[in-house]
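Please find below some notes on the voids and the exposed surface of this model, set out as numbered points for your review.

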Amino acid sequence: MTVAKELEYFYQANNLELDGGIDKEYFIMKFRFFSLKLPNSEFRKKIVYIHDIQHILFNCDVSWKGEAYIAGWEIATGMWKHFPIGFLSLWAMGFGVLTHPKEVLKGFKQGLSYNGLIDQNISKKEILTFTIQEVDEMLHKPKTVKFNLFTFLFWTVISVIIVIAPLFVVPTLLFLFL
């Protein structure tokens with residue numbers, strides 16, 4: 001089955017917009033007690049399919065547990081260097097560390113064996129004709145990078161800082177300006 005068909009099933013199974021909502025002005029981040037409506041930037045629209053293919057590749061749903069795994073995987077493969085989407089991956093990893101730390105660690109370890117899909121010089125049109133197995137084979141590194149606890153902890157600290165920083169910045173700004 002092609003990646004295009006797999007994506008279609010993925011969007012249906014997870015009650016998502018067709019094509020991951022790339023035509024929408026906003027996307028929704030759902031949390032347990034509330035949701036955030038965030039701008040759907042042009043950069044995100046261009047690459048959201050990559051993130052969604054990664055969900056399919058590792059059989060992860062769009063729950064925060066699945067997102068934690070994918071965020072760990074993305075950071076291990078170097079997604080952090082693609083601003084601004086890398087910032088979202090770091091934020092998701094930080095949130096994942098606080099909510100599903102085992103999944104982040106599993107995803108990070110798995111990501112060490114892969115190259116990131118975003119770093120491949122393959123058009124969206126072409127990747128949609130591949131099978132998931134072909135994507136897996138293309139991305140799998142010939143030699144696995146050994147897990148380094150220091151590197152994992154470095155990215156964990158950075159990602160958690162990104163998540164908790166607003167909890168300190170916003171009250172400080174309110175205190176200074178009110």
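1. In this predicted model, the lining of the largest pocket is mixed in class, since its residues divide into 17 nonpolar, 8 polar and 7 charged. The lining comprises 32 residues, and those that lie nearest the centre of the pocket are Leu16, Phe27, Ile28, Arg44 and Glu67. The volume of this largest pocket comes to about 950 Å³.

2. As for the secondary structure around the largest pocket, two or more lining residues are given by each of the elements β1 (26–30), α2 (42–57), α3 (64–76) and α4 (85–99). Of the contributors to this lining, α2 has the largest share, with 6 residues.

3. The second largest pocket holds about 170 Å³ of space, and its lining has 10 nonpolar residues, with no polar and no charged ones. The residues concerned are Met29, Phe31, Leu36, Leu38, Pro84, Phe87, Leu88, Trp91, Ile162 and Pro166, so that anyone setting up a probe of this site can read the list directly against the model, given that lining residues have an atom within 4 Å of a point of the pocket.

4. Which elements each supply at least two residues of the lining of the second largest pocket? They are β2 (35–39), α4 and α8, and the largest share, 3 residues, comes from α4. Helix α4 is also among the elements that give two or more residues to the lining of the largest pocket, and it is therefore worth viewing both linings together when α4 is inspected.

5. Turning to enclosed space, a search of the whole structure finds 1 cavity of 30 Å³ or more, and about 40 Å³ of space lies in it. The residues that line this cavity are Tyr49, Ile50, Leu117, Gln120, Ile122 and Ile127; by class, 5 of them are nonpolar and 1 is polar, while none is charged.

6. On the outer surface, Val169, Leu173, Phe175, Leu176 and Phe177 together make a nonpolar patch of about 600 Å². One of these residues, Phe175, belongs to helix α8, which spans residues 149–177. Is Phe175 buried or exposed in the model? Phe175 is exposed, because its relative accessible area is 70%, and the term applies to values over 50%.

Conventions: Residues are numbered from 1 along each chain as its sequence is written. This is a predicted model: local features need pLDDT of at least 70, side-chain atom pairs count only at pLDDT 80 or more; totals for chains, interfaces and linings use all residues. Side-chain values use heavy atoms; hydrogens and water are left out. On a 1 Å grid over the protein atoms alone, a cavity is a set of points where a 1.4 Å probe fits but cannot get out, and a pocket is an open set with protein on both sides within 12 Å along at least five of seven lines; lining residues have an atom within 4 Å of a point. Grid points are joined across faces, edges and corners, and a volume is the space filled by probe spheres set on the points. Ala, Val, Leu, Ile, Met, Phe, Trp, Tyr, Cys and Pro count as nonpolar, Asp, Glu, Lys and Arg as charged, and the others, Gly among them, as polar. Patches are made of residues with over 30% relative accessible area and no salt bridge: like charges are joined within 9 Å, nonpolar side chains (Val, Leu, Ile, Met, Phe, Trp, Tyr) within 5 Å. Accessible areas come from the Shrake-Rupley method with a 1.4 Å probe; for residues, only the protein chains shown count as cover. A salt bridge is a side-chain nitrogen of Lys or Arg within 4 Å of a carboxyl oxygen of Asp or Glu. Helices (H or I, at least four residues) and strands (E, at least two) are DSSP runs, numbered from the N terminus. Buried means under 20% relative accessible area, exposed over 50%, partly exposed in between (1.4 Å probe, protein chains only).
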